Every structure is written in structure tokens, then in C-alpha cells.
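Thank you all for making time this morning. I would like to walk you through one structure slowly, so please keep the view open while I talk.

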Amino acid sequence: AEVERLEAIFSLFRPGSVLQRLNTAGFLNEAPADLRQLMSSALALAERTGGAFDPTIQPLWSVYARHFAVSGAPAEGPSVSDIDAARRLVDWRNVVMDGATIRFTEPKMAVSLNGIAQGYISDKVGGLLKARGFDHVLVNMGEQLALGPKQNGNPWQIAISDPADATRTIANVPLASGAAATSGGYGSCFDKPGRFTHILDPRTGAPARHWSSITVFTANAAQADGLSTALAAAPASEANRILGSTARAYAVPLNASAGIWL
């Protein structure tokens with residue numbers, strides 16, 4: 001019931017969702033508390049990452065989705081002019097929050113919270129379980145949240161998949177508390193060859209090509225989810241600044257058979 005309630009707020013495509021209403025109208029009065037909280041976190045993360053994470057990326061994503069939805073679409077991707085037009089709509093600083101009102105300062109903007117909402121939902125489900133006395137739980141709803149260790153005291157083992165072969169594990173990381181989230185373009189591609197992945201760099205408009213996957217370990221799932229999304233679009237030179245002192249990340253470089261700790 002909690003997941004259903006939150007999907008009705010954050011879903012990009014569910015008819016009548018709160019987020020869809022915001023994107024259609026460009027403003028929303030009396031926004032529910034969950035949307036205000038997550039939007040505030042998303043905007044703060046955008047500032048922290050210098051725009052490597054940007055919730056206003058939806059117009060750019062839509063350009064790629066529309067291009068490759070057409071049969072026989074040019075394999076080189078959308079035109080430079082289409083990408084540039086979409087990029088002009090991508091800027092987290094053009095989202096204004098005033099009390100319970102959220103509005104865009106530019107027409108045709110749209111927000112996606114897909115890079116952080118799954119983690120937020122995991123945290124909310126974890127909160128419900130913890131409030132009911134569960135303290136040896138691993139919540140796995142795309143992002144993983146440990147509410148204490150296993151009943152025998154041993155930590156949970158978080159398997160990190162090989163981006164090149166989903167049947168293979170390249171690392172196992174113990175987790176007794178906190179969260180883990182993985183982002184990687186291999187999970188969804190616009191084109192069959194996989195050259196254009198769903199993880200886009202908001203600052204260039206191009207698919208992110210720095211890493212095959214990034215797994216972030218931190219205190220809560222929303223933070224891990226958002227940071228992994230940001231790092232997937234950021235070069236190694238930015239990684240430590242983005243991570244700060246409260247998180248760590250396991251990164252798999254492109255075409256690598258093993259990962260590294262950042």
C-alpha cells in the first residue's frame with residue numbers, strides 16, 4: 001500500500017500522478033509532503049554535484065526516447081539541434097519551491113525523479129518495518145537497505161553484477177546497516193547496439209560513458225540512489241568531491257572485468 005501511494009506521486013507515466021500533473025502544468029499548488037521532501041533532496045544533490053545529477057533532465061531523456069522510437073531512426077542518435085534545444089530546458093536552478101508550491105521558471109521544463117525515488121521508496125518501506133519492530137531486515141526494492149544484520153549477527157552480502165554479464169558477480173560487499181544502490185547504463189538502452197544508454201550527462205546532453213556501473217554505499221537508500229546516478233555521469237576526477245566523507249563507491253570502468261573502490 002505504501003509503494004502504491006508513493007508511485008501515485010512520483011510516477012512519470014502513470015496517468016494523473018502528482019509528478020505528471022506538475023510536468024504538464026509547470027506548477028503545482030499544495031504539493032504533497034513526500035514530493036516536497038524528495039524534490040528538496042534532489043535539488044540539494046544537484047547543487048552538491050555541480051549538475052551531474054539534475055532532476056530536470058526529462059526533456060533530454062524524451063529527445064532520445066522519441067528519436068529511437070521511430071523505425072529506421074538514424075543510428076547516430078538525435079540531431080545536435082534537438083539535443084541543444086532540450087539542454088536549454090535542463091537546469092535544476094529553474095525549479096522554485098515556495099512553501100507547498102513547486103513551479104518551473106521556464107516553459108516546457110519537466111522533472112524526473114527516477115534517479116532517486118526508488119531509494120526514497122526503499123527508505124519509506126524500511127521506516128514502516130522498523131516502526132513495527134523489525135530489526136533484521138534487508139529491503140530490496142531495486143536499491144537495498146539493511147535494517148541491522150541477519151538474525152545470526154552476520155552482515156548481508158550485497159552482490160555486484162558484472163555489467164557485461166548479468167549471470168556473473170564481480171564483487172560481494174558485506175552490509176549490516178545502511179544502503180547500497182547501483183547505477184549503470186547497461187540496464188536500459190535506447191538502441192539495440194547499446195551505444196545510447198538511459199544514463200545521460202545533463203551537462204553535455206550525451207550518454208554517460210565514464211563507467212559501466214557505479215555502486216554507492218551510504219546511510220540511506222535515497223542518498224545512495226542519487227549519488228550513484230550522479231557518479232555514473234561524472235568522470236573519476238569528480239568522484240571523491242561528489243562522494244564526500246559520508247559515502248563510498250565501487251566503480252566498474254568501461255570494458256573492465258573488475259571494479260575499483262573510489
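Before I describe any sheet, let me settle one term: two strands are said to pair if DSSP finds at least two bridges between them. Please also keep in mind throughout that this is a predicted model.

With that term in hand, look for the open sheet built from six strands, whose order is E4-E5-E8-E9-E10-E11 and whose pairing is antiparallel. Its edge strands are E4, residues 137-140, and E11, residues 260-261, each of which pairs on one side only. Within this sheet, strand E9, residues 211-218, and strand E10, residues 248-253, are joined in the antiparallel sense by six bridges, and there you can find Trp-211 standing opposite Pro-253 of E10. Helix H6 packs on the sheet, where it touches E4 and strand E5, residues 144-147, and the direction of H6 makes about 20 degrees with that of E5.

Now please turn to another open sheet, which has three strands in the order E1-E3-E2, again with antiparallel pairing. The edge strands here are E1, residues 27-28, and E2, residues 95-98. Strand E3, residues 101-104, is joined to E1 by two bridges, and Phe-27 has Arg-103 in E3 as its bridge partner. On the other pairing, E2 and E3 run antiparallel over four bridges, with Met-97 opposite Ile-102. These two strands form a hairpin with two residues between them, and in that hairpin Gly-99 takes a positive phi near 65 degrees.

What do the side chains do along E3? They alternate, so that Ile-102 and Phe-104 point to one face and are buried, whereas Thr-101 and Arg-103 point to the other face and are not buried. That fits a general pattern, because in a regular strand the side chains alternate between the two faces of the sheet.

Helix H3 lies across E1, E2 and E3, and runs at about 135 degrees to E2, which brings us to the interior. The largest nonpolar core has 52 residues, and those touching the most other members are Phe-10, Leu-35, Met-39, Val-95, Leu-113, Val-216 and Leu-231. Helix H3, residues 33-48, gives the largest share of this core, seven residues. If you select Val-95, you will see that its contacts include Met-39, Leu-43, Ile-102 and Phe-104, leaving aside residues up to four places away in sequence. Apart from the largest core lies another core, of 12 residues, including Trp-156, Ile-170, Val-173 and Phe-217.

Next, the largest pocket, which has a volume of about 1,100 Å³. It is lined by 45 residues, and the closest to its centre are Asn-114, Gly-115, Gln-118, His-198 and Asp-225. Among the elements that give two or more residues to the lining are helix H1, helix H6, strand E8 and helix H7.

Finally, let me point out two residues in loops. Glu-30 has a positive phi of about 55 degrees although it is not a glycine, and its place is in the loop between E1 and H3. Is Glu-30 buried or exposed? Its relative accessibility is 67%, so Glu-30 counts as exposed, the cut-off for that word being over 50%. Lys-108, in the loop between E3 and H6, has a positive phi as well, near 70 degrees, and because its relative accessibility is 74%, Lys-108 also counts as exposed.

Key
Residues are numbered from 1 along each chain as its sequence is written. This is a predicted model: local features need pLDDT of at least 70, side-chain atom pairs count only at pLDDT 80 or more; totals for chains, interfaces and linings use all residues. Side-chain values use heavy atoms; hydrogens and water are left out. A nonpolar core is a set of buried Ala, Val, Leu, Ile, Met, Phe, Trp, Tyr and Cys residues joined through side-chain atoms within 4.5 Å. Buried means under 20% relative accessible area, exposed over 50%, partly exposed in between (1.4 Å probe, protein chains only). Contact means heavy atoms within 4.5 Å. Axes are lines fitted to C-alpha atoms, for helices over the stretch in contact, and angles run from 0 to 180 degrees between N-to-C directions. On a 1 Å grid over the protein atoms alone, a cavity is a set of points where a 1.4 Å probe fits but cannot get out, and a pocket is an open set with protein on both sides within 12 Å along at least five of seven lines; lining residues have an atom within 4 Å of a point. Grid points are joined across faces, edges and corners, and a volume is the space filled by probe spheres set on the points.
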